[in-house]
Amino acid sequence: MTDSGLPGGTFTMAKGLTVTRVGYGAMQLAGPGVFGAVRDHDEAIAVLREVVELGITHIDTSDYYGPRVTNLLIKEALYPYPESLHIVTKVGAYRDFRGGWPHARKPEQLRHAIHDNLINLGLDAIDVVNLRMGGGEDGHSLVHDSLAEPFEELARMQQEGLIKHLGISTVSAAQIAEAQSIAPVVCIQNHYNVAHRGDDELIDSMAAQGIAYVPYFPLGGFSPLQSDILNSVAERLGSTPHAVAQAWLLQRSPNILLISGTSSVAHLRENVAAAGIKLSDDDVAELNSIAS
Ligand SMILES: NC(=O)c1ccc[n+]([C@@H]2O[C@H](COP(=O)([O-])OP(=O)(O)OC[C@H]3O[C@@H](n4cnc5c(N)ncnc54)[C@H](OP(=O)(O)O)[C@@H]3O)[C@@H](O)[C@H]2O)c1
């Protein structure tokens, strides 16, 4: 525990932007496939209020979750927002009629998306906006396109005061460097967990630059983590695989921020408690062997 009251303490992404390392990802609050209305409205509102009650100060969302569903729930549950709360959204996609995630990265589409986020969240300016660059069949593979045109448009909206800070999602080291040549980048959001470790080198280089690395699918996302090693470490510690996977991330690097997603108050409480588990060097070495 630290003075934030939460395991893992806090991370400062930029001046005026300090968040608890244990955050919350709101994507699971939309309907099945992140499409359509929330499954249990009252539980979703209770989850969001519990997030704040537990002292979490970082919520990750997007107007294309639902679409609009998670942003409207956040506003309904938490507006007017506590000063300490930072809402991070993302743009760069829309939902098609089949529930797909096509790119929406043209300047006029981004401008539209920022205004939708502002209206649906009830904000005058957004703390952090991530530009989603990923795509491919699964929607979250690297696409090695230049991000200059869309990122320059977001940088313009930052200068206009609509956005406070910028991040990028599903990106390579080369795309991060390209973005940094346009405007400061405060966070990277990529696919990473104890079993999916393609970004190990990237995490270390972001840590050296003081940039937050925010892994999505920390628990495996749509394909929950399955590992005998994870199960056996969890059993030895009298814990659960979910808990150990989150504790491993917090111990992996001080710039890693957790945004585990859940639609359940009970799971949210479990996840916050989980982050406090102390893994020994032997536990970590065993868990590291999952991905090798
Ligand atoms: N930048 C991007 O492109 C991108 C892509 C995907 C996601 N994201 C962000 O990353 C966040 C996290 O990713 P995610 O939600 O997809 O995946 P995740 O956090 O890896 O896993 C969420 C799944 O784990 C379950 N779960 C959570 N806590 C649990 C617990 N204690 N016990 C049992 N099951 C538990 C949830 O079910 P229950 O609801 O039943 O708890 C849900 O099915 C999202 O919410 C979103 O904000 C960003």
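This passage describes the strands, helices and some backbone features of a predicted model.

The central element is an open sheet of seven strands, arranged in the order S3-S4-S5-S6-S7-S8-S9 with parallel pairing. Strand S3 (24-25) and strand S9 (212-213) stand at the edges, and each has a single partner strand, so one side of each is left without a neighbour in the sheet. In general, the strands of a sheet pair through backbone hydrogen bonds, in either a parallel or an antiparallel way.

The pairing can be followed from the S3 edge. S3 is joined to strand S4 (residues 58-60) by two bridges in the parallel sense, and glycine 25 has aspartate 60 of S4 as its bridge partner. Helix H3 (residues 107-121) packs on the sheet, where it touches strand S5 (86-91), S6 and S7. The direction of H3 makes about 150° with that of S5. S4 in turn runs parallel to S5, with three bridges between them; here histidine 58 has histidine 86 of S5 as its bridge partner. S5 and S6 are also parallel and pair over four bridges, with valine 88 opposite valine 128 in S6.

Strand S5 is largely enclosed by the rest of the structure, because six of its six residues are buried. Side chains in a regular strand alternate between the two faces of the sheet. In S5, His86, Val88 and Lys90 lie on one side, and Ile87, Thr89 and Val91 lie on the other. Residues of both groups are buried, and both faces of S5 are therefore covered. Two right-handed β-α-β units include this strand: S4, H2 and S5 form one, and S5, H3 and S6 form another.

Strand S7 (residues 163-169) is mostly covered, with six of its seven residues buried. S7 runs parallel to strand S6 (residues 126-132), to which six bridges join it. One of the paired positions is isoleucine 126, whose bridge partner in S7 is isoleucine 163. Between S6 and S7 the chain passes through helix H4 (residues 148-159), in a right-handed β-α-β crossover. S7 is also parallel to strand S8 (residues 187-189), with three bridges between them. Glycine 167 has cysteine 187 of S8 as its bridge partner. S7, helix H5 (residues 173-180) and S8 together make a right-handed β-α-β unit.

Helix H1 (residues 41-53) was examined for its length and its surroundings. At 1.5 Å a residue, its 13 residues should span 18 Å, and its end C-alpha atoms are 18 Å apart, which agrees. Ala44, Val47, Leu48 and Val51 of H1 are buried. Viewed down the helix axis, the buried residues fall within an arc of 90°, so they line one face of H1. Asp42 and Glu53, on the other side of H1, are exposed. The elements that cover the buried residues of H1 include S3, S4, helix H2 (69-78) and helix H9 (265-274). Just after H1, glycine 55 takes a positive phi of about 95°.

Two cis peptide bonds were found in loops. The bond from glycine 66 to proline 67 is cis, with omega near -10°, and proline 67 lies in the loop between S4 and H2. The bond from tyrosine 79 to proline 80 is cis, with omega near 0°; proline 80 is placed in the loop between H2 and S5.

Positive phi values also occur in residues other than glycine. Valine 34 has a phi near 60° and lies in the loop between S3 and H1. Valine 34 counts as buried because it has 22 C-beta neighbours inside 10 Å, where the cut-off is 20 or more. Phenylalanine 217 has a positive phi of about 60°, and its place is in the loop between S9 and helix H7 (228-236). With 21 other C-beta atoms within 10 Å, phenylalanine 217 is buried.

Technical notes. Residues numbered from 1 in each chain as written. Predicted model: local features only at pLDDT ≥ 70, side-chain atom pairs only at ≥ 80, totals over all residues. Buried ≥ 20, exposed ≤ 12 C-beta atoms within 10 Å, placed from the backbone. Pairing = 2+ DSSP bridges. Right-handed = clockwise from strand over helix to strand, strands pointing away. Contact = placed C-beta atoms within 7 Å. Axes fitted to C-alpha atoms, helices over the stretch in contact; angles between N-to-C directions. Expected span 1.5 Å × (residues − 1). Arc of directions from axis to C-beta.
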